[in-house]
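Here is a briefing on empty space and helix packing in one protein. Have the structure open as you read.

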Amino acid sequence: MSQSRDIRAAPREHDSEDIQQFAEEIRRFVRAELIPAEALVEEEDRIPQRIIQAMKQLGLFGMTIPESYGGLGFSMYEEVRIVFELCFAAPAFRSAVGSNNGIGSLGILIDGTEEQKRRYLPKIASGDLIASFCLTEPDAGSDAAAISTTAVRHGDCYRINGTKRFITNAPEAGLYTVFARTGPKESGADGISAFLVERSAPGISVGPPNKKMGLRGSHTADVIFEDCRVPLDALVGTKEGVGFKTAMKTLDHARLHMAAVAVGMSARLIDEGVRYTKERKQFGRPIAQFQLIQGMLADCETEAFAARAMVERTARAKDAGERITKESACCKYFATEALGRIADRVLQMHGGYGYIREYPVERLYRDARLLRLFEGTSQIQQIVIAREMVRDGK
Ligand code: COS
């Protein structure tokens, strides 16, 4: 991006030419570098260093971080536009930069002190520091307020004890935003605080990467805290007991980002579907000429179009300063469920070839399945949407 800026600090009209140019640059990068590397990522379960370096150079680790802290300072609308492009490639590439742009940095950005922002955001923006978000636990996933990890104050430090589960980028991370209980269990959400824990802190360890169904190249693992000591200023902000709200505000943003991931993946799947059905001949002609195939293509396109429109509109609402809790949940719910249907239809168009590893659809189908689970399952999105609808004062 030639002229980056902090739209959050001074919301204004988007410079559409600027973002259009950057989107085209990412589009070329995706086709020239990322898609050709997909098979290798799948085979080796890692993203090649040269691609990480290229993504650093493009500024992709710091899209959402204000320019004053070294990032590109994208608005939400600009962020989703770039995520649409990036996620035309396997979602593992987005995952490498995803936590730095979202759940790993937003807590600091939204509720951190100026000192915390200055200490961490520039390194997160450059990609030299990978940031992870530690909320989920073995017994607390959807019920995030039920976490049992504790942070107990002892003199000039907090001691953290507990286990976090399914933590994206945990093996690569140098910084973890950790949600822990500073109040008694009965205090529920009000007893939760957020902490910035560096990988070098004594008493922290990372388990082996989970063996997942898909998204190879992106790693999740347990993060274990055993009497892990952190200084008092590791507390995000200056107040205990507001960590749950930090997590929820982070997730409002992250869910919209995830809906944009689903839109990008849907576009790729549709592209694969159109190409295959135009090439594959049965009964003497390309199967794309059959109306039953066309029906599936049309359903895919319609749903992807609707999801994209929802995401773009919600991103603009967020940039205008509106609260988007309900809308971002609607976007995540619809776009990821639609992606599931699109992946299933495109696989169906491939017939038996869809079930073997010759075509990308087999891998994309497995990757797509995760989107209805993480950053709040579809059922959690339904709860968030309905609660906002029936809330007092509505
Ligand atoms: N923004 C700001 N504040 C929010 C908020 C939001 N989006 N959502 C909730 N809050 C506030 C509430 O207003 C409430 O504050 P007060 O007590 O001052 O009124 C407080 O946070 C507790 O909220 P609530 O009572 O709704 O908490 P629940 O325990 O009922 O939480 C859900 C419910 C299901 C919404 C929550 O647990 C959740 O999102 N779970 C899914 C977690 C998730 O997505 N995990 C994925 C892994 S993380 S990548």
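**Cavities, a pocket and helix packing**

The largest cavity holds about 60 Å³ of space. The model is predicted. Two cavities reach 30 Å³ or more. The second largest pocket is also covered here, with about 350 Å³ of space. Three helix pairs follow.

**Largest cavity**

- The lining consists of Glu38, Val41, Glu42, Ala90, Ala92, Leu215, Arg216, Arg363 and Asp367.
- Two elements, H1 and helix H10 (360-369), each give two or more residues to this lining.
- H1 supplies the largest share, three residues.
- By residue class, the lining of the largest cavity splits into four nonpolar and five charged residues, with no polar ones.

**Second largest cavity**

- Its volume is about 40 Å³.
- Pro91, Arg94, Leu215, Val261, Leu371 and Phe374 form the lining of the second largest cavity.
- Leu215 appears in the linings of both the largest cavity and the second largest cavity.
- Five of the lining residues of the second largest cavity are nonpolar, one is charged and none is polar.

**Second largest pocket**

- How many residues line the second largest pocket? The lining has 19 residues.
- Nearest the centre of this pocket lie Arg27, Phe88, Val263, Ala267 and Arg308.
- Helix H1 (16-44), helix H3 (76-86), helix H7 (243-279) and helix H8 (291-319) are the elements that each give two or more residues to the lining of the second largest pocket.
- H7 gives the largest share of that lining, six residues.
- The lining of the second largest pocket counts eight nonpolar, three polar and eight charged residues.
- Two domains, domain 1 (7-101) and domain 3 (250-392), each contribute at least three residues to the lining of the second largest pocket.
- H1 thus links two topics: it is among the contributors to the second largest pocket, and it gives three residues to the lining of the largest cavity.

**H7 and H8**

- Both helices contribute to the lining of the second largest pocket.
- Their axes come within 9 Å and cross at roughly 155 degrees.
- Angles over 145 degrees count as roughly antiparallel, so H7 and H8 are roughly antiparallel to each other.
- The handedness of the H7 and H8 crossing is left-handed.

**H9 and H10**

- Helix H9 (residues 325-349) packs with H10 at an angle of about 160 degrees.
- The axes of H9 and H10 lie 9 Å apart.
- The angle of about 160 degrees is why H9 and H10 are roughly antiparallel to each other.
- H9 passes H10 with a left-handed crossing.
- H10 also gives two or more residues to the lining of the largest cavity.

**H2 and H4**

- How do the axes of helix H2 (residues 49-58) and helix H4 (residues 91-101) meet, and at what angle do they cross? They come within 11 Å and cross at roughly 55 degrees.
- Roughly parallel needs an angle under 35 degrees, and roughly perpendicular needs 65 to 115. H2 and H4 are therefore oblique to each other.
- The crossing of H2 past H4 is right-handed.

Key:
Residues are numbered from 1 along each chain as its sequence is written. This is a predicted model: local features need pLDDT of at least 70, side-chain atom pairs count only at pLDDT 80 or more; totals for chains, interfaces and linings use all residues. Side-chain values use heavy atoms; hydrogens and water are left out. On a 1 Å grid over the protein atoms alone, a cavity is a set of points where a 1.4 Å probe fits but cannot get out, and a pocket is an open set with protein on both sides within 12 Å along at least five of seven lines; lining residues have an atom within 4 Å of a point. Grid points are joined across faces, edges and corners, and a volume is the space filled by probe spheres set on the points. Helices (H or I, at least four residues) and strands (E, at least two) are DSSP runs, numbered from the N terminus. Ala, Val, Leu, Ile, Met, Phe, Trp, Tyr, Cys and Pro count as nonpolar, Asp, Glu, Lys and Arg as charged, and the others, Gly among them, as polar. Domain bounds come from an automatic or database domain assignment. Axes are lines fitted to C-alpha atoms, for helices over the stretch in contact, and angles run from 0 to 180 degrees between N-to-C directions. A crossing is left-handed if the near helix is turned anticlockwise from the far one by less than a right angle, and right-handed if clockwise.
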